[in-house]
Amino acid sequence: MNNKIKTIDSHTGGEPTRVIVEGGPELGTGSMRQRLNIFEKEFDQIRSGLVNEPRGSSFMVGALLCEPVDKKHAAGVIFFNNAGFIGMCGHGLIGLAVTLFYQNKIALGNHTVETPVGVVSFELLSANKVRIQNVPSYRLIKEQSISVKELGKITGDIAWGGNWFFLIKEHGLEITLENTEQLLNYTKTVKQALADNNITGINGEEIDHIELFCNKNTTNNADSRNFVLCPGNEYDRSPCGTGTSAKLACLFEDGHLKEGKIWRQQSVVGSIFEGTIELVDGKQTPSITGNAFITLESDVIFDEDDCYRFGL
Ligand code: PYC
């Protein structure tokens with residue numbers, strides 16, 4: 001086991017990102033998707049040890065910094081969390097950009113990064129402010145209804161923003177920090193019902209993020225407030241970059257958001273991402289702007305006598 005793993009933590013709108021900047025597992029030189037598969041098969045203990053308790057927590061997102069396949073890109077990255085791996089992570093990419101700048105590895109300006117779901121780019125606007133350009137995003141199904149035993153009929157849109165989302169407008173819940181337990185129970189129940197009814201994204205891919213919206217309880221000129229359940233059954237403290245991308249795609253397709261117009265998405269904790277959507281090569285491509293701050297630099301120790309070294 002490599003005992004020289006170094007990590008740098010940041011948070012983006014309240015949601016943490018722990019980047020492995022040195023000593024990560026040896027995954028070869030294939031695409032980020034191929035390296036993710038090796039990471040998952042052969043080194044899952046490292047994922048678990050870095051993001052699960054006692055070293056991490058259920059809402060920690062990890063990112064393995066990789067050499068890109070194509071050297072014209074600034075980096076490659078593989079995102080993961082308490083439950084497994086995620087294809088793309090908007091708040092995590094903002095955290096990664098700020099981390100690379102903190103390490104003097106990149107300058108302000110435009111950069112591209114390879115991820116398991118494609119190449120994404122970002123513009124580092126300052127030491128803490130980043131605009132990312134996500135993968136093309138779209139709605140797969142408008143107004144998919146499902147009958148949920150505990151909740152009745154629920155209707156939502158199925159959309160892709162780098163991960164699969166079920167986006168619900170009509171839920172009757174208050175999106176406030178005080179209400180997170182109820183919001184968690186509701187979204188977990190919906191996620192389970194989607195899986196039980198075989199309602200999926202393309203190619204049977206699991207819809208592993210559930211996103212609730214409302215226009216109430218917003219501050220700071222936000223257009224909407226959201227609550228996003230992530231795959232490990234934790235909620236995103238940030239407005240969720242991929243979730244905001246999926247939302248922008250739905251708004252755009254409904255004619256509620258014009259190309260280039262700013263949408264201010266607020267999270268349940270109050271942090272804000274600004275999003276726009278543009279047609280790039282004819283594809284709806286979201287950009288998300290947010291702030292991240294460095295919080296910690298660590299040397300990771302996997303003590304062989306510690307039975308919890310790879311997480312609880
Ligand atoms: O910002 O895209 C995001 C994200 C996904 C899971 C947690 N955050």
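Biologist: What distance separates the C-alpha centres of domain 1 and domain 2?

Modeller: This is a predicted model, in which local features need pLDDT of at least 70, side-chain atom pairs count only at pLDDT 80 or more, and totals for chains, interfaces and linings use all residues. Residues are numbered from 1 along each chain as its sequence is written, and side-chain values use heavy atoms, with hydrogens and water left out. The assignment (domain bounds come from an automatic or database domain assignment) gives domain 1 as 4-131 + 294-301 and domain 2 as 138-289. Their C-alpha centres are separated by 23 Å.

Biologist: Which residues of domain 1 lose the most area to domain 2?

Modeller: The two domains bury about 1,300 Å² between them, 61% of it on carbon and sulfur atoms; buried area is the accessible area (1.4 Å probe) that two parts lose on being put together, summed over both. Three residues together account for 28% of what the domain 1 side buries. They are Gly13, Glu15 and Arg131.

Biologist: How many salt bridges are there between domain 1 and domain 2?

Modeller: A salt bridge needs a side-chain nitrogen of Lys or Arg within 4 Å of a carboxyl oxygen of Asp or Glu. Between domain 1 and domain 2 the count is zero.

Biologist: At what angle do the axes of α1 and α2 cross?

Modeller: Helix α1 covers residues 32-42 and helix α2 residues 44-51 (helices are DSSP runs of H or I, at least four residues; strands are runs of E, at least two; both are numbered from the N terminus). Their axes (lines fitted to C-alpha atoms over the stretch in contact, with angles from 0 to 180 degrees between N-to-C directions) come within 5 Å. The crossing angle is roughly 80 degrees.

Biologist: Which peptide bond is cis?

Modeller: Pro54 lies in the loop between α2 and β3 (61-66). The bond leading into Pro54 has omega near 5 degrees. The cis bond runs from Glu53 to Pro54.
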